[in-house]
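Please go through this model with me. I want short answers, with the reasoning shown.

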Amino acid sequence: MDIYDFTKPQLESKLVNELKGVQRVPALLLPYPMESLKTVNLQKYCVLDCEPLHDFKGYAMHLLTETSKSHHLPVVLRDDVGAYIVRALKGEHVSGSDIRCAVIHIYQMLSNAKASWKIQTLFLTLVQISQCLYSEDVERCPKQILRFYNCCWLHHELSVDLFPNPHETALHGVYFHALLNHGPVQQEI
């Protein structure tokens, strides 16, 4: 199938029909929805398995939402963390950098209040994953990639342990998979 002469709406409908719901149309087509991939010089465009800003934001928003309803938070901290999460997620458009800051702030709140090591480590590993995703090219080395894999593994184990019913929430969905499974592999490349 030659997709390079399709416009954005045509490409979206093809993706839904052919790939049964995969909808990652190149973001670079957004300003030019009626242009084809060839016209905007994207005929060799590759859709990545992990889009750090998109996947981190989506997963972190789900995690923050679940955490605000969680019994894993200390009682003294539950109201403060819940109120902070509501403020952080409030608004029509929540940016990825706001979510990253919220994750760091929640981790600091948890560590200062001496919350359980599992919930602290869950947020610490997410902070470290964020650091790996957004590191400069010169910082990317085998040591950092190994750290990324280890953080993803530990984060996955803690997430499944703390939130064991993934079917009740969107927590262990597409964002979780893309971030923890494809993120480290993509960083190797």
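The questions below cover helix packing and side-chain pairs in this predicted model.

Q: How are helix H3 and helix H4 oriented to each other, roughly parallel or roughly antiparallel?
A: The axes of H3 (residues 75–89) and H4 (residues 96–112) come within 11 Å. They cross at roughly 175 degrees. Angles over 145 count as roughly antiparallel. So H3 against H4 is roughly antiparallel.

Q: How do the residues of the contact of H3 with H4 divide into nonpolar, polar and charged?
A: H3 contributes residues including Leu77, Asp80 and Tyr84, while those from H4 include Ile99, His105 and Met109. The split is 12 nonpolar, one polar and one charged.

Q: How far apart in sequence are the parts that the salt bridge of Lys118 with Asp161 ties together?
A: The structure holds one salt bridge. Its closest N and O atoms, from Lys118 and Asp161, are 2.4 Å apart. Lys118 lies in H5 (residues 117–133) and Asp161 in H6 (residues 142–162), so the parts tied together are 43 residues apart.

Q: Over the face of which residue does Arg100 lie?
A: The structure holds zero aromatic pairs. Arg100 lies at 3.9 Å from a ring centre. That ring belongs to Tyr134.

Technical notes
Residues are numbered from 1 along each chain as its sequence is written. This is a predicted model: local features need pLDDT of at least 70, side-chain atom pairs count only at pLDDT 80 or more; totals for chains, interfaces and linings use all residues. Side-chain values use heavy atoms; hydrogens and water are left out. Axes are lines fitted to C-alpha atoms, for helices over the stretch in contact, and angles run from 0 to 180 degrees between N-to-C directions. Helices (H or I, at least four residues) and strands (E, at least two) are DSSP runs, numbered from the N terminus. Angles under 35 degrees count as roughly parallel, over 145 as roughly antiparallel, 65 to 115 as roughly perpendicular and the rest as oblique. Contact means heavy atoms within 4.5 Å. Ala, Val, Leu, Ile, Met, Phe, Trp, Tyr, Cys and Pro count as nonpolar, Asp, Glu, Lys and Arg as charged, and the others, Gly among them, as polar. Rings of Phe, Tyr and Trp (its six-membered ring) pair if their centres lie within 6.5 Å; planes under 30 degrees apart count as stacked, over 60 as edge-to-face and the rest as tilted. A charge sits over a ring if NZ of Lys or CZ of Arg is within 6 Å of the ring centre and within 35 degrees of the ring normal. A salt bridge is a side-chain nitrogen of Lys or Arg within 4 Å of a carboxyl oxygen of Asp or Glu.
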